[in-house]
Amino acid sequence: MKIAIIGSGNVGGALAQQWVKAGHTVLIGAKFPLSDKNINLATKIGEDRFAAIENAVKQSEVILIATPPTAIFEVLEQLGDVSGKILIDATNSVMKTPEPYKTVYHCLADKTNAEVVKCFNTTGFENMLNPSYNGEGIDMFMAGDSDKAKAVAKQLALDCGFDTCIDFGKADKVELLEKFALSWINLAIMQGHGRDMAFKVIRR
Ligand SMILES: NC(=O)c1ccc[n+]([C@@H]2O[C@H](COP(=O)([O-])OP(=O)(O)OC[C@H]3O[C@@H](n4cnc5c(N)ncnc54)[C@H](OP(=O)(O)O)[C@@H]3O)[C@@H](O)[C@H]2O)c1
């Protein structure tokens, strides 16, 4: 797939590395000259994978948003036309909300004609770089109204090494998925379990 990554910090950088490894065409939407963080990322994925945001988006069918939630309005001004493209929202608005919207998903669904899905928000970036625990993949989760976007997000989660990507439900479950992310943050950070922990659904 042709993927543009907007926000190439912890999350965007981890997923960029995974998707490049899986053989996808990844372009990082960046500011020039490149920041030290992006120069470091370039040593891992190659310098030729950086472009201005609008150019990266124009050349891609899938766009990952991995910025602070409140940056979304500035990001939207630079995206250009995203009609019909897949927008994956990996942000969490648990600390800062992109007012007047509850989440970035809601903002993107309202302000664009894209196929939007929330995914890659429920676990730490270290788990995106390495989703394997004792030889078994952990689970990713997604929510939103677009089945097309969910199919793409699921494939991209599998391509990272997640065992599966579980459907949390439609747009009315997006806030619950952010609360689920907050549950991981609570356990990993506030309750001191550490970031090397993850969620997996087991069945019998
Ligand atoms: N950290 C995690 O483990 C984790 C896990 C799941 C979800 N999340 C969510 O994912 C998002 C990113 O988190 P992160 O930890 O990856 O943050 P981060 O390391 O601080 O990276 C944020 C990225 O967004 C870019 N950015 C900031 N403002 C921007 C703007 N106005 N326009 C374009 N790009 C902009 C930054 O570029 P500059 O460096 O040039 O400012 C940077 O590349 C957040 O919403 C967070 O809640 C984080």
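These questions and answers walk through a predicted model of one chain.

Reader: How many helices and strands are there in the chain?
Author: The model is predicted, and its helices and strands are numbered from the N terminus. The count for the chain is eight helices and 10 strands.

Reader: What radius of gyration does the chain have, and what would a compact globule have?
Author: The chain has 204 residues. The C-alpha atoms fill a box of roughly 45 × 40 × 30 Å along the principal axes. A compact globule with 204 residues would have a radius of gyration near 17 Å, which agrees with the chain's 16 Å.

Reader: What share of the residues is buried?
Author: Buried means under 20% relative accessible area. The accessible surface of the chain is about 9,800 Å², with 49% of that belonging to carbon and sulfur atoms. Of the 204 residues, the buried share is 50%.

Reader: What share of the contacts with a separation of 6 or more comes from residues 24 or more positions apart?
Author: Contact means heavy atoms within 4.5 Å. Take the contacts with a separation of 6 or more; the share from residues 24 or more positions apart is 69%.

Reader: How far apart do the centres of the positive and negative side chains lie?
Author: The chain carries 22 positive and 24 negative side chains. Each set has its own centre, and the two centres lie apart by 3 Å.

Reader: Which residues of α2 are buried, and what arc do they cover?
Author: Helix α2 spans residues 36-45, and its buried residues are Asn38, Leu41, Ala42 and Ile45. They sit on the same side of α2, because around the axis they cover an arc of only 110°.

Reader: Which exposed residues does the other face of α2 carry?
Author: The buried side of α2 has cover that includes α1 (10-21), β2 (25-29) and β3 (50-51). The face turned away from that side carries the exposed residues Asp36 and Thr43.

Reader: What phi does Gly46 take?
Author: Gly46 comes just after α2. Its phi is positive, about 105°.

Reader: Which elements cover the buried residues of α5?
Author: In α5, the buried residues are Val104, Tyr105, Cys107 and Leu108. Their arc around the axis is only 165°, so they lie on the same side of α5. Their cover includes β4 (62-65), α4 (72-79), β5, β6, β9 (139-143) and α8 (174-190).

Reader: Which peptide bonds are cis, and what is omega in each?
Author: Most peptide bonds are trans. Pro33, in the loop between β2 and α2, follows a cis bond from Phe32, with omega near 0°. Pro100 lies in the loop between β5 (86-89) and α5 (104-111). The bond from Glu99 to Pro100 is cis too, with omega near 10°.

Reader: Is Phe120 buried or exposed?
Author: Phe120 lies in the loop between β6 and α6. Phi there is near 60°, a positive value in a residue other than glycine. With 0% relative accessibility, Phe120 counts as buried.

Reader: Is Asn134 buried or exposed?
Author: Asn134 is in the loop between β7 (132-133) and β8 (136-137). Its phi is positive, about 50°, though Asn134 is not a glycine. The cut-off for exposed is over 50% relative accessible area. At 84%, Asn134 is exposed.

Reader: Which residues is Thr122 in contact with, leaving aside its neighbours within four places in sequence?
Author: Thr122 sits in the loop between β6 (115-119) and α6 (125-129). Its relative accessibility is 2%, so Thr122 counts as buried. Beyond those neighbours, its contacts are Met140, Phe141, Leu177, Phe180, Ala181, Trp184 and Phe199.

Reader: Which residues is Lys150 in contact with, again leaving aside neighbours within four places in sequence?
Author: Lys150 belongs to helix α7, residues 147-160. A relative accessible area of 6% makes Lys150 buried. Its contacts beyond those neighbours are Val117, Met142, Ala143, Gly144, Asp167, Gly169 and Lys170.

Reader: How far apart in space are Asp196 and Asn130?
Author: Asp196 is in the segment after α8. Its relative accessibility is 66%, so Asp196 counts as exposed. Asp196 and Asn130 are 66 residues apart in sequence. In space, C-alpha to C-alpha, the distance is 9.9 Å.

Definitions and conventions. Residues are numbered from 1 along each chain as its sequence is written. This is a predicted model: local features need pLDDT of at least 70, side-chain atom pairs count only at pLDDT 80 or more; totals for chains, interfaces and linings use all residues. Side-chain values use heavy atoms; hydrogens and water are left out. Helices (H or I, at least four residues) and strands (E, at least two) are DSSP runs, numbered from the N terminus. The radius of gyration is taken over C-alpha atoms; the globule rule is 2.2 Å times the number of residues to the power 0.38. Buried means under 20% relative accessible area, exposed over 50%, partly exposed in between (1.4 Å probe, protein chains only). Accessible areas come from the Shrake-Rupley method with a 1.4 Å probe; for residues, only the protein chains shown count as cover. Lys and Arg count as positive and Asp and Glu as negative; His and the chain ends are not counted. The place of a charge is taken as NZ of Lys, CZ of Arg, CG of Asp or CD of Glu. The arc is that of the directions from the helix axis to the C-beta atoms.
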